Amino acid sequence: MFFFCRNAMECSKDKAREAIFYSYTKHINGFAANLNAAEAAQLARLPEVVSVFPNRAQQQLHTTRSWQFLGLSGPDGVSRGASWRKAKFGEGIIIGNIDTGVWPESESFRDHGLGSVPKNWKGTCEKGQDDKFHCNGKLIGARFFNKGYASGVGAPSDDPTFNSPRDNGGHGTHTLSTAAGAPSPGASVFGLGNGTATGGSPRARVAGYRVCFKPVNGSSCFEADILAAFDAAIHDGVHVLSVSLGGVGDRYDYFEDSIAIGSFHAVRHGITVVCSAGNSGPKPSKISNVAPWMFTVGASTMDRKFSSDVVFNGTKIKGESLSSNTLNQKTPYPMIDSTQAAAPGRSEDEAQLCLKGSLDPKKVHGKIVVCLRGDNARVAKGEVVHEAGGAGMVLANDASSGNEIISDPHVLPATHVGFHDGLLLFSYLKIDKAPVGMIEKPTTSVYTKPAPYMAAFSSQGPSPVNPEILKPDITAPGVGVIAAWTRATSPTELDNDKRRVAYNAISGTSMSCPHVAGIAGLIKALHPDWSPAAVRSALMTTAIEVDNKGQQILNSSFAAAGPFERGAGHVWPSRSFNPALVYDLSPDHYLEFLCALKYNASSMALFSGGGKAAYKCPESPPKLQDLNYPSITVLNLTSSGTTVKRTVKNVGWPGKFKAAVRDPPGVRVSVRPDVLLFAKKGEEKTFEVKFEVKNAKLAKDYSFGQLVWSNGKQFVKSPIVVQTKAA
């Protein structure tokens, strides 16, 4: 149970004091304790207790090419222009990571040329029960938080590193090195994707906060531990936090969400908090981490593929793979649809998905088995085929996954193909009485087109909590990202896979999140006085909406991706360093936002800190749609129209900016004033945006547009989302 108090020391008494396993007294008033429902209810009635909620396990764990794709480095992984150097490669910045911990021996965390630990660092290096764990001038801090996990599952993990910050799963090492890993030449996955692995802020210092452990009954990351990590990171002095974990789009109020509460207090202390959007796409409104003070990141592709095509019946279809083993390329292999290879007592539906134990070894031995994507992990399907004696596997997408194909380090020769190509292959298997085929050896291809396009798995908006705030905010590379890996587990994380690698390629919004965290570190190095909101605004308003073919960014079905998929667009670092104008916000603005949601005084105390200086809501709080966000969302627009307000701050040279609008279909948008004159840096100007229904049929449901402020050289872009009431 969580208890949030006006004064944590006063309300943590009597029986609760004996049951406490965390006291959040550094920056968050509250504690976590083991109590039954009756005891919790009794404490909740105390006047000094402002909120109680359970310690849930709803939080889940959500490179050698990406920085070149984003315009920062050349083919050899080093800077090709002024942008990275101008931002000093993130020097002087400390980036924290709340995840599965860190593998300190990785080359990505060597401290060559960095010098001593910054004097403003207040953190520590906890070894726990791992005497070999160490920190240095790069990895300057590490902590672990497992009391909530132990309390939640009723028993300690079987992880031998349980009482240490050491990463035995790989996820935390991968994400932290993506954000700020040191340049490491010669990185690859089984010889593929060879290059220099580096983080976005390669000269930043890093700290790992371990809150996730081996899953027990599906539970791995507990809210109590996450909140403790936020409290510690604030105390330690990080500048940016990368948080690649979250729920699955469930509608939790902010005061029941440890990431929302912890990130608010981090932002209140000037820390930029970057979070993953989740991997529950392509279903709408499954996005997580949607609080307006968070920076929420979706996942898209980059211009690199690990090609491994499938050849059959004189036809070649495109596939991708990182398999370390390959088939004999001289002779084709017999092929079989997995539905035709169901084991006795197992259904065709189970066999179609290649679930554990669903395949008959007599039917698949020596053959290439074609499985359908869905339910179990992609690499787990390959393991099922391998254990049944199959020679190889082709993984075909279902309709919802479309053209999104992902390179995985399968345990056998295998490749992944898109939905339409899969239909072609299934048709051949059905018609031909003795089908044969071949999986080609994987190769690395770069400059592929179109790129980026949205990953099908990337969670989409609208926000299930507050659709008035567009989420995700932005998209970044999250498919086939190569970064550092733990030596404690295999690249597939399967128990029977005994391979070990220094670097691994994995996919998810977990990978796109640290890309943005690394870029945020560069911006903070350039502009140390900027607020978290200013950093986010700089990235959102300079994002790009077109791919490397000069066309609108697509989704995995190769249809135009909208703001609910890509947010403001694809991150483009160099533009964000000098955005001209920013939409700034202070902690009080977020508190006003919560007031507009009609949070009561107890709930507000979770965010304002309580005590004598407790925040009091204004009698007439601002409208939700008037929150000074870099995107503009209007809900339930009627024929009477509505007006929203925004304020921009000049962070560049004096000058004149003119507004240009791309109207959402069926809606007329006008801006007053439509010209803004700035005489000096730091000057702020407020404007109004008026919305009117022009064509009710065209405007029905959601429609999208854009507002752009320009001085003729720079463009400050805001996506517009309008929802109209049914005509």
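Select strand S33 (residues 655-662) together with S35: in this predicted model, the two pair in the antiparallel sense over 4 bridges. Within this pairing, display Phe657, whose bridge partner in S35 is Leu676.

Next, extend the selection to the whole sheet. It is an open sheet of 5 strands with mixed pairing, in the order S31-S38-S37-S33-S35. S31 and S35 (675-678) stand at the edges with a single partner strand each, so one side of each has no neighbour in the sheet. On average, neighbouring strands are turned by 20° against each other, direction ignored.

On the edge strand S31 (residues 632-637), select Asn636. Asn636 is partly exposed, at 44% relative accessibility. Leaving aside residues up to four places away in sequence, Asn636 touches Gln723 and Lys725. Val722 is 86 residues from Asn636 in sequence, yet their C-alpha atoms are 8.0 Å apart.

Turn now to the cysteines, which form 4 disulfides, including the following.

- Cys125 and Cys135: the S to S distance is 2.1 Å, and the link is right-handed, with 85° about the S-S bond. Cys125 is partly exposed at 28%, as is Cys135 at 23%.
- Cys212 and Cys221: the link is right-handed, with 115° about the S-S bond, and both residues are buried.
- Cys354 and Cys371: the sulfur atoms are 2.0 Å apart, and the link is left-handed at -80°. Cys354 lies in the loop between helix H10 (348-352) and helix H11 (361-364), and Cys371 in strand S22 (residues 368-372), so the pair ties together parts 17 residues apart in sequence.

Finally, select Cys275, which is in no disulfide. Why is the sulfur of Cys513 not bonded to that of Cys275? The two sulfurs are 6.2 Å apart, too far for a bond. Cys275 is buried at 0% relative accessibility, and Cys513 is likewise buried at 0%.

Definitions and conventions
Residues are numbered from 1 along each chain as its sequence is written. This is a predicted model: local features need pLDDT of at least 70, side-chain atom pairs count only at pLDDT 80 or more; totals for chains, interfaces and linings use all residues. Side-chain values use heavy atoms; hydrogens and water are left out. Buried means under 20% relative accessible area, exposed over 50%, partly exposed in between (1.4 Å probe, protein chains only). Contact means heavy atoms within 4.5 Å. Two strands pair if DSSP finds at least two bridges between them. Axes are lines fitted to C-alpha atoms, for helices over the stretch in contact, and angles run from 0 to 180 degrees between N-to-C directions. A disulfide is a pair of cysteine sulfur atoms within 2.5 Å.
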